[in-house]
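Q: I've got this model open and want a quick tour before I go back to the bench. Let's start with the helices.

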Amino acid sequence: MSSSTIPHGADQRRGPLRPGERVQLTDEKGRMNTITLTPGGAFHTHRGFLPHDDLIGAPEGCVVTNTIGHKYQALRPLLSDFVLSMPRGAAVVYPKDAGQIVTMADIFPGARVVEAGVGSGALSISLLRAVGDGGYLHSYERREEFADIARGNVETFFGGPHPAWSVSIGDFQDEVVKKEQPGSVDHVVLDMLAPWECLDAVATVLAPGGVWINYVATVTQLSRTAEAIRADGRFTEPASWESMVRGWHVEGLAVRPDHRMVAHTGFLLTARRLAEGVTGLTPKRRPSKTEFAAEDGQAWAGDAGAWNAEGIGERLVSDKKLRRAAKDAASTVQRGAFKDTPEAGQRPE
Ligand SMILES: C[S@@+](CC[C@H](N)C(=O)[O-])C[C@H]1O[C@@H](n2cnc3c(N)ncnc32)[C@H](O)[C@@H]1O
């Protein structure tokens, strides 16, 4: 492969360690530090120091010893290591969610993707990896200082500007319709407070069949985004999920889940753009006597509105079934025995 056809940044990940590169040092107790190699520099701890020159020119994966005999294993950080240790302004999308976004939104090499907000640029790095040098990622961010942090992180990771990346400052919903041709975008990726405010802009720029994926932190944002997409009608039925990753401790006979985990990061929601003028098919549900009104999504106290059992999707139980259950319960008490059912232990509907 000639150097011009090597994907951007790939050459940075191979060969001996070079000045200016970030290197992750792991000591014998598993403690990690990331340093940037500088000729003549040193990594100081309260237990001696390690000259950077001992690492520059050495192969990746080498083990080096500091001035008082402490050993370190030296490796280039992976994308997931880099994202968790890079400078942050806004909260970043964790690698587990970035992986889901790239795969579930089907972001392919050469794709045209728009993203907002750019925040610290963590997700931008994964999106650039997925679209590749021949793809297109335009990131929109309303706060200039966040865009500056993101630019620094992306350029550090790829070793310079990425050929597929551009950043615009401003609100996504205002800017994207000025910068992208209608129907020209394959994927819209939103990680922001109020994705529902972007509905019209997304519908304008997304190509028919294009995927809109949202990452939101709370259930209230998830619900409002899903209902807005559903009510709009220009998209498929939204799909929502979250992912949980639990690490395992695997050592000898001590094989068990880790005691701690990152239990909540965010929720993901996707929908696809339908062809212009088409009304989407909505899954047939049982007709609900309770209609969901926009204000019900915001009424958390006071007037109950649609907040009754049927409104939140609980199955209605007929009076006849209730009378039978009461009779069964009374006879169970008399017999002093319970009948096991396949549903035993499950939450009753
Ligand atoms: C949680 S951060 C994004 C983090 C980013 N995805 C990452 O992985 O580093 C949310 C960002 O969205 C920006 N933002 C919120 N609403 C926006 C809008 N309508 N248009 C553009 N940027 C917006 C905020 O300024 C903030 O930087």
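**Helices, sheets and the ligand**

Q: What kind of crossing do α2 and α3 make, left-handed or right-handed?

A: Right-handed: that is how α2 passes α3. The near helix is turned clockwise from the far one by less than a right angle; anticlockwise would be left-handed. Helices here are DSSP runs of H or I with at least four residues, strands are runs of E with at least two, and both are numbered from the N terminus.

Q: Hang on, what sort of model is this, and what do local features need?

A: It's predicted: local features need pLDDT of at least 70 and side-chain atom pairs count only at 80 or more, while totals for chains, interfaces and linings use all residues. Residue numbers start from 1 along each chain as its sequence is written.

Q: OK, back to the pair. At what angle do α2 and α3 pack?

A: About 40°, with the axes of α2 (residues 95-104) and α3 10 Å apart. Axes are lines fitted to C-alpha atoms, for helices over the stretch in contact, and angles go from 0 to 180 degrees between N-to-C directions. The two helices are therefore oblique, as the cut-offs are under 35 degrees for roughly parallel, over 145 for roughly antiparallel, 65 to 115 for roughly perpendicular, and oblique for the rest.

Q: Which residues make the contact?

A: Ala-98, Ile-101 and Val-102 from α2, against Ala-122, Leu-123, Ser-126 and Ala-130 from α3. Contact means C-beta atoms, placed from the backbone, within 7 Å. By class that's six nonpolar, one polar and no charged. Nonpolar covers Ala, Val, Leu, Ile, Met, Phe, Trp, Tyr, Cys and Pro, charged covers Asp, Glu, Lys and Arg, and the others, Gly among them, are polar.

Q: Switching to the ligand: which residues come nearest?

A: Out of 22 around the ligand, Ala-90, Gly-117, Gly-119, Ala-122 and Phe-172 come nearest. A residue is near if its C-beta atom, placed from the backbone, lies within 6 Å. Elements giving two or more residues to that shell are α3 (122-131), β8 (136-141) and α5 (172-179). The shell has 12 nonpolar, five polar and five charged residues.

Q: Where is Gly-117 found?

A: In the loop between β7 (112-116) and α3. The peptide bond leading into Gly-117 from Ala-116 is cis, with omega near -20°.

Q: And what phi does Asp-106 have?

A: A positive one, about 60°, although Asp-106 isn't a glycine. That residue lies in the loop between α2 and β7.

Q: Sheets next. What's the order in the open sheet of seven strands?

A: β9-β8-β7-β10-β11-β15-β12, with mixed pairing. The edges are β9 (165-169) and β12 (239-241), each with a single partner strand, so one side of each has no neighbour in the sheet. Strands pair if DSSP finds at least two bridges between them. On average, neighbouring strands are turned by 15° against each other, direction ignored.

Q: What does α2 touch there?

A: α2 packs on the sheet and touches β10 (185-191), β11 (206-216) and β15, making about 10° with the direction of β15. Helix α4 (residues 144-158) lies across β8 and β9, at about 165° to β9.

Q: What about the open sheet of four strands?

A: Its order is β2-β1-β6-β5, paired antiparallel. β2 (32-36) and β5 (63-65) are the edge strands, pairing on one side only.

Q: Last one: how many residues sit between β13 and β14 in the hairpin?

A: Two, and Gly-252 in the turn has a positive phi of about 55°. β13 (residues 248-251) and β14 (residues 254-257) pair antiparallel over four bridges, with Trp-248 bridging to Pro-257 in β14.

Note on methods:
Contact = placed C-beta atoms within 7 Å.
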